[in-house]
Amino acid sequence: RFQACVYFASVFQAMSCGIHYLASVFMAVTPNFVCGIPGNVSSVLFYNSSESSIEDTWTLWTSTENYIVVQLENGEIWELNQCSRSKREASLDLAYEYKGNKSIFSCSDGFLYDDTKWKSTVVTQWDLVCDREWLAKLIQPTFMLGVLIGAVIFGDIADRLGRQRVIWFTSAGQFVFGIAVAFTFDYYSFVIVRFLLAMVSSGYLVVAFVYVTEFVGIKARTWASMHVHAFFAMGIMVVALMGFLVRTWWVYQVFLSIATLPFVLCCWMLPETPFWLLSEKRYEDAQKVINIMARWNKVSTPCKVSELCSVQQDDLVSGRMVDRDTSSTKKHNILDLFCNWHIARRTITVWLIWFTGSLGYYVFSLSSVSLGGNEYLNLFLIGAVELPCYIIACIGMDKLGRRNTLIPFLILSALICVLIMFIPQDFNILIILANMAGKFSIGVAFGLIYLYTAELYPTIVRSLAVGSGSMMCRAGSVVAPFCVYLRSVWIFMPLLLVGIMALLSGILTIMLPETLGKPLTNT
């Protein structure tokens, strides 16, 4: 009972990590837009359609190459493009086509945006279009950079100061910075506060994994650690729902941040893990936590920390040689993952799987809103498809083995990427289903690699291996938004890159050993 309460309280907050990681898909939308106009409009022309206002033309807008012709009250006729406007010199009639002289001007009067779908986004708030478009494209990569740095910093702090304090700080930080993002006054303050939000979100996720693993018993550890990802996916589904209900970016951000307020109010009740307290030689504190666990779980036989420690002391005395070996373990560094060709090949393969898993995960998630159809439903389904994928991953890991589950799902995701390229663009439902299948298969690989990495390496470099793999994973998440932007070069470019990486990873995984049922190595 005690472990279940601690587990569900901890993973509930993992939803907020999913929320903040994907919030920008609707917050930083670029709607249709044209240059602002230097006066009052009397009539509007779009192709053969005459409208009373520019707002009426947005339903007809099909391409960035489109332009709108307007006549002002003073008789001037202007052509409004997305990043420039031109004044017709000698035109008296209002016609769409014009071959005469034009004077081209920049958009000094700002821009007019289509607000039929979104009342306001960060793009419309700070005019992040045309020559400032690159600033909009930096919003997600800078967030992911914060994720990378936060994972390193808070993972280290959690080992020094304890899991409990870091969970308190990062969950409170998520709420405070989440609300603060909504009230930033310019683009640069927005990016800085989002960067800090990314650091605490990532820090929470990393420490929550360790926290629940240290509390949950061995028999449930695989399922428990895997389903932290499932709550992250539920966060993505909340983003889709909130995006559908709220169409003003700062209100949307406030609601998303309030979603996990209950945890912030009760997280101070979570105890420190006995594992960490014992490692710090705080035996009395560890005994208190164990007594609370025993009381909650109605365990009658008392568990004395002093007895456990005396057994450990006996083991240490009888194994002086082992102790001498462990005293030198602190000198290990990242180069030990490349100590010989055999281990180096294993490390390169594992890093590639981490990178590919993260890249594929975020490419499928971020590009789901561009698939056509209802973008809110698309994102919701992309999140929902993860829930069964972790169940399949757990069953596959226990029944078939780690490697034998990983290989087919990596190769399957590569084949799905190729398949999507051959589906005609007007087959919306088929494209969405194929993307869900792609996210499902890459999700299985992504969820499985955490445990597989820990089992592939000996105790002395195990944390280092998982930590470095996690860094490659964060690198993949930084690259993913740029990969999605390559849609403007060729619509299938992101899928092609993910497909190549997944195929390469799948082939290299064949050379990895199977770890199911094997004892963990120590040297």
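**Figure 1. Salt bridge between Glu375 and Lys117.** In this predicted model, a salt bridge brings together the side chains of Glu375 and Lys117, with 3.1 Å from N to O. Glu375 belongs to helix 16 (residues 375-384) and Lys117 to the loop between strand 8 and helix 3, so the contact ties together parts that are 258 residues apart in sequence. The two partners fall into separate burial classes: Glu375 has a relative accessible area of 16% and is therefore buried, while Lys117, at 40% relative accessibility, counts as partly exposed. The search of the whole structure gives ten salt bridges, including this one.

**Figure 2. Salt bridges of helix 19 with helices 17 and 18.** Two salt bridges are shown, one formed by Lys439 of helix 19 and one by Glu455 of helix 19. Glu386 and Lys439 meet through their side chains at 2.9 Å, N to O. Glu386 is part of helix 17 (residues 386-399) and Lys439 is part of helix 19 (residues 428-456), so this pair connects parts 53 residues apart in sequence. Glu386 and Lys439 are both buried. In the second salt bridge, the side chains of Arg402 and Glu455 are 2.8 Å apart, N to O. Arg402 lies in helix 18 (residues 402-421) and Glu455 in helix 19, so here too the pair ties together parts that are 53 residues apart in sequence. Arg402 is buried, as is Glu455. Elsewhere, Glu79, Arg88 and Lys102 are joined into one network by salt bridges that share partners.

**Figure 3. Disulfide between Cys35 and Cys107.** The sulfur atoms of Cys35 and Cys107 lie 1.6 Å apart and form a disulfide. The torsion about the S-S bond is about -65°, so this disulfide is left-handed. Distant parts of the chain are linked by the pair: Cys35 sits in strand 1 (residues 33-35), and Cys107 sits in the loop between strand 7 (102-105) and strand 8 (111-113), 72 residues apart. Cys35 and Cys107 are both buried.

**Figure 4. Disulfide between Cys83 and Cys130.** Cys83 is joined to Cys130 by a disulfide with an S to S distance of 1.9 Å. Its torsion about the S-S bond is about -95°, so the disulfide is left-handed. This pair also links distant parts of the chain, 47 residues apart: Cys83 is in the loop between strand 5 (77-80) and strand 6 (85-88), and Cys130 is in the loop between helix 3 (122-125) and helix 4 (133-137). Cys83 has a relative accessible area of 43%, so this residue is partly exposed. A search of the whole structure finds two disulfides. With bonded cysteines counted along the chain, the disulfides follow the pattern 1-3, 2-4.

**Figure 5. Surroundings of Cys483.** The closest cysteine sulfur to that of Cys483 is in Cys417, at 9.8 Å, which is too far for a bond. The cut-off for a disulfide is 2.5 Å between cysteine sulfur atoms. Cys483 counts as buried because its relative accessibility is 3%. Another cysteine, Cys5, counts as partly exposed because its relative accessibility is 39%.

**Figure 6. Helix 5, Gly162 and helix 6.** Helix 5 has 23 residues and reaches 32 Å from its first C-alpha to its last, close to the 33 Å expected at 1.5 Å a residue. Gly162, just after helix 5, takes a positive phi of about 105°. Helix 6 (residues 163-182) has 20 residues and should span 28 Å at 1.5 Å a residue; its end C-alpha atoms are 29 Å apart, which agrees. Among the buried residues of helix 6 are Arg163, Val166, Ile167, Thr170, Gly173, Gln174, Gly178 and Val181. The buried residues of helix 6 pack against helix 1 (2-22), helix 5 (139-161), helix 7 (187-215), helix 9 (249-258), helix 10 (261-266) and helix 11 (274-279).

**Figure 7. Nonpolar surface patch around Leu496.** Val489, Trp490, Ile491, Leu496 and Ile500 form a nonpolar patch on the surface. Together these residues have about 440 Å² of accessible area. Leu496 is located in helix 21 (residues 493-509). Its relative accessibility is 32%, so Leu496 counts as partly exposed.

How values were computed:
Residues are numbered from 1 along each chain as its sequence is written. This is a predicted model: local features need pLDDT of at least 70, side-chain atom pairs count only at pLDDT 80 or more; totals for chains, interfaces and linings use all residues. Side-chain values use heavy atoms; hydrogens and water are left out. Patches are made of residues with over 30% relative accessible area and no salt bridge: like charges are joined within 9 Å, nonpolar side chains (Val, Leu, Ile, Met, Phe, Trp, Tyr) within 5 Å. Accessible areas come from the Shrake-Rupley method with a 1.4 Å probe; for residues, only the protein chains shown count as cover. A salt bridge is a side-chain nitrogen of Lys or Arg within 4 Å of a carboxyl oxygen of Asp or Glu. Helices (H or I, at least four residues) and strands (E, at least two) are DSSP runs, numbered from the N terminus. Buried means under 20% relative accessible area, exposed over 50%, partly exposed in between (1.4 Å probe, protein chains only). The expected span of a helix is 1.5 Å times one less than its number of residues. Contact means heavy atoms within 4.5 Å.
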